[in-house]
Amino acid sequence: MTLQEIIDTLINNAPSLIIEHLQLVFLSVGLAILIALPLGILLSREKFKPYLPTIISFFNIAQGVPSLAVIAIFMPILGIGFTSAVVALTIYALLPIIRNTLAGLGNLDQDIIEAAKGMGMPAGKVLLKIELPLALPVIIAGIQTATVVTVGTAILADLIGAGGLGRMIFAGISMFEPARILVGSLLSAIIAISLDQALKYIQTKLTVQFQ
Amino acid sequence: MIQLNKISKTYPGKSSPAVDNLSLEIDKGEICVLVGPSGCGKTTTLKMINRLIEPSSGKLFINGKNAINQNPNKLRQDIGYVIQDIGLFPHMTVAENIATVPKLKDWEQSKIDQRVDELLNLIGLDPENTKDNYPAQLSGGQKQRIGVARAMAVDPPIMLMDEPFAAVDPITRTQLQNEFLSLQKKIQKTICFVTHDIDEAIKMGDKIAILNQGKLVQYDTPENILFNPKNEFVEDFVGSDRSLKVLNLLKVNEIMKENIPTATTDSSAEEVLEKINESRQSYILIIDKEEKLVGYVNKERIKNNKDKNWKDNIKFSQVISSDASLIDALTRLIQNNQSILPVTSDENNLIGIVRLEDIQDRIADSYQAEAELEEPEVV
């Protein structure tokens, strides 16, 4: 492996694969947020409260299933390709977001919520103006986890033909080309760290610094 | 103004009711204190008034209207609500917190801004310095005042207060209680106030409702609760030091001596000594040209330091306001080892003095009343 090989790989193969990889990540995490956030809010409501510990431990256990297994489970059902990979990645990304939404909304100071209700604030406004803003840092932390995990798991998506940086890494393994393995791994690590930092920045911008 | 008619509440899965067939009427402009041991149903009762807890049975009338038929959110917007840990929204500024109910009622922003300033002035905080602060930047006492201001934002006729002063230190608590009582004189709200502290109940209440196991045991004036307890439970709850508790009820201005001899700062040492001799005391209070209290001087100290300016002998004295309770006055006298306490107005003008011996006389009087009360009945 020479420096020239690494530079060639970067210039010739990397750009389109990075774009594919980002497409996988953004689509999966985006869909996961759209599904997990409302679901998490719904499950945190009063009528589900008695079941909350059970629900949370279910999601904790589900998180323990290996990502490869999730992809393997969905392959026979949805076949191979991009769509199938997005579905599997979305389901895997749901878990940390739901779990953190539940934790964020479930651990709020009940006195604050009672004060809001006691002043005649309708339930919808209590959620939008009080509960969500206060739970936001924890919810965004869930999205951060989901994003980082998805960047890593998306490597495996190439196993069902979805492309992305996984293609570069698996090609490198089968062709004994260490340059491809190295470039693919480093790029996915850089993507993971950058997205994590970007979300952290968004969180500080969205949260009022009241402490 | 508030009428509870045979209200009961049984929580799901509980065999005995938390509140049992309770009837209570709170008149306009009165502070009614609900007091009792923990688990007596006082907080449940309070929360049924704004329907945070729905009664299992019974009727609730607010301002003559059946409150059970009304939209609970509309009902609550017209009832101020202050809770123990204040429940200020930590992610909103002081101004935004106070504006909560006005915004729900769709007030115009200019009207809201004006009201926020007005309320902050009313509770003695400077609007410019406080309104953009977040609750975490405030002291416990300030938070509590903001909590009260928020509850009064739309000037609701009724206020519910659930142990509002429990989370602050004793000195701040006394201060907040006094402030609230003088505020209440101006605003004349109908208030339902929950506490577990009988001293606070006696001090704050126009009427006291003593609850035990969900039942109303006695609903009466503080005087009657102290001296005509209905049964042993009330007697035990009030405690054995009734005569001291009476001091919670009495105000400084009831035993204050007015027209006391004073000397002004522009008198000479001889004039001051003469005035002390005239008054037959060992000291005299010193006021300035605007009748504001400066301190006091001792006869002995002037005599012993004749070569010095007599004004160097003026000593600072603790003071008290005329609407403070006698228990506050007594505490201050004992803490500072004084036998008299000057009474001053908010502007530090001297109004009179309260003497330790007069407080002692009042205690002796109430001991007598207590002794008579406890005499065995002749059958």
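# Getting to know a two-chain model

B:Val33 stands opposite B:Phe193 in strand β8 of chain B. We'll come back to that pair, but a little housekeeping comes first. This is a predicted model, in which local features need pLDDT of at least 70, side-chain atom pairs count only at pLDDT 80 or more, and totals for chains, interfaces and linings use all residues. Residues are numbered from 1 along each chain as its sequence is written, while chains are lettered from A and ligands numbered from 1 in the order in which they are written.

## Exercise 1: a strand in chain B

Work out how β8(B) is paired and whether its faces are buried or exposed.

*Step 1.* Find the strand. β8 of chain B covers residues 190-195. Helices (H or I, at least four residues) and strands (E, at least two) are DSSP runs, numbered from the N terminus.

*Step 2.* Look for neighbours. Strand β3 (residues 31-35) of chain B pairs with β8(B) in the parallel sense, over five bridges. Strand β7 (residues 158-162) of chain B also pairs with β8(B) in the parallel sense over five bridges. Pairing here requires that DSSP finds at least two bridges between two strands.

*Step 3.* Pick out individual partners. B:Val33 sits opposite B:Phe193, and B:Asp162 has B:Val194 as its bridge partner.

*Step 4.* Check the faces. On one side you get B:Thr190, B:Cys192 and B:Val194, on the other B:Ile191, B:Phe193 and B:Thr195, and all of them are buried. Buried means 20 or more other C-beta atoms within 10 Å of the residue's own, exposed means 12 or fewer, and partly exposed is in between, with C-beta atoms placed from the backbone.

## Exercise 2: the nonpolar core

Find which residues touch the most other members of the largest nonpolar core, and which helix gives the most to it.

*Step 1.* Know what you're looking for. A nonpolar core is a set of buried Ala, Val, Leu, Ile, Met, Phe, Trp, Tyr and Cys residues joined through C-beta atoms within 7 Å.

*Step 2.* List the best-connected members. The largest core has 126 residues, and A:Leu89, A:Ile97, B:Val33, B:Ile98, B:Cys192, B:Phe193 and B:Ala209 touch the most other members.

*Step 3.* Find the top contributor. Helix α5 (residues 82-106) of chain A gives the most to this core, twelve residues.

*Step 4.* Zoom in on one member. Leaving out residues up to four places away in sequence, A:Leu89 touches A:Leu24, A:Ser28, A:Thr150, A:Thr153, A:Ala154 and A:Ala157.

*Step 5.* Don't miss the other core. Apart from the largest one there is another, of 14 residues, including B:Ala263 and B:Tyr296.

## Exercise 3: where the chains meet

Describe the contact between chain A and chain B from chain B's side.

*Step 1.* Count. 18 residues of chain B are in contact with 16 residues of chain A; contact means C-beta atoms, placed from the backbone, within 7 Å.

*Step 2.* Find the contributors. α2 (72-77) and α4 (100-104) of chain B each supply at least two residues of the side that touches chain A. Of the elements, α2(B) gives the most, with four residues.

*Step 3.* Sort by chemistry. That side of chain B divides into nine nonpolar, six polar and three charged residues. Ala, Val, Leu, Ile, Met, Phe, Trp, Tyr, Cys and Pro count as nonpolar, Asp, Glu, Lys and Arg as charged, and the others, Gly among them, as polar.

*Step 4.* See a helix covered from both chains. Helix α6 (residues 110-118) of chain A has A:Ile112, A:Ala115, A:Ala116, A:Lys117 and A:Gly118 as its buried residues. Their cover includes α7 (123-153) of chain A as well as α2 and β6 (79-82) of chain B.

## Exercise 4: chain A in outline

Sum up chain A, then explain why A:Thr207 is classed as partly exposed.

*Step 1.* Start with the elements: chain A has nine helices and zero strands. Its C-alpha atoms fill a box of roughly 70 × 40 × 20 Å along the principal axes.

*Step 2.* Check burial and confidence. Of the 211 residues of chain A, 37% count as buried. The chain averages a pLDDT (the predictor's confidence in each residue, from 0 to 100) of 87.

*Step 3.* Go to the residue. A:Thr207 lies in the segment after α9 (178-206) of chain A. Beyond residues up to four places away in sequence, A:Thr207 touches A:Leu136 and A:Pro137.

*Step 4.* Apply the count. A:Thr207 is partly exposed because 15 other C-beta atoms lie within 10 Å.
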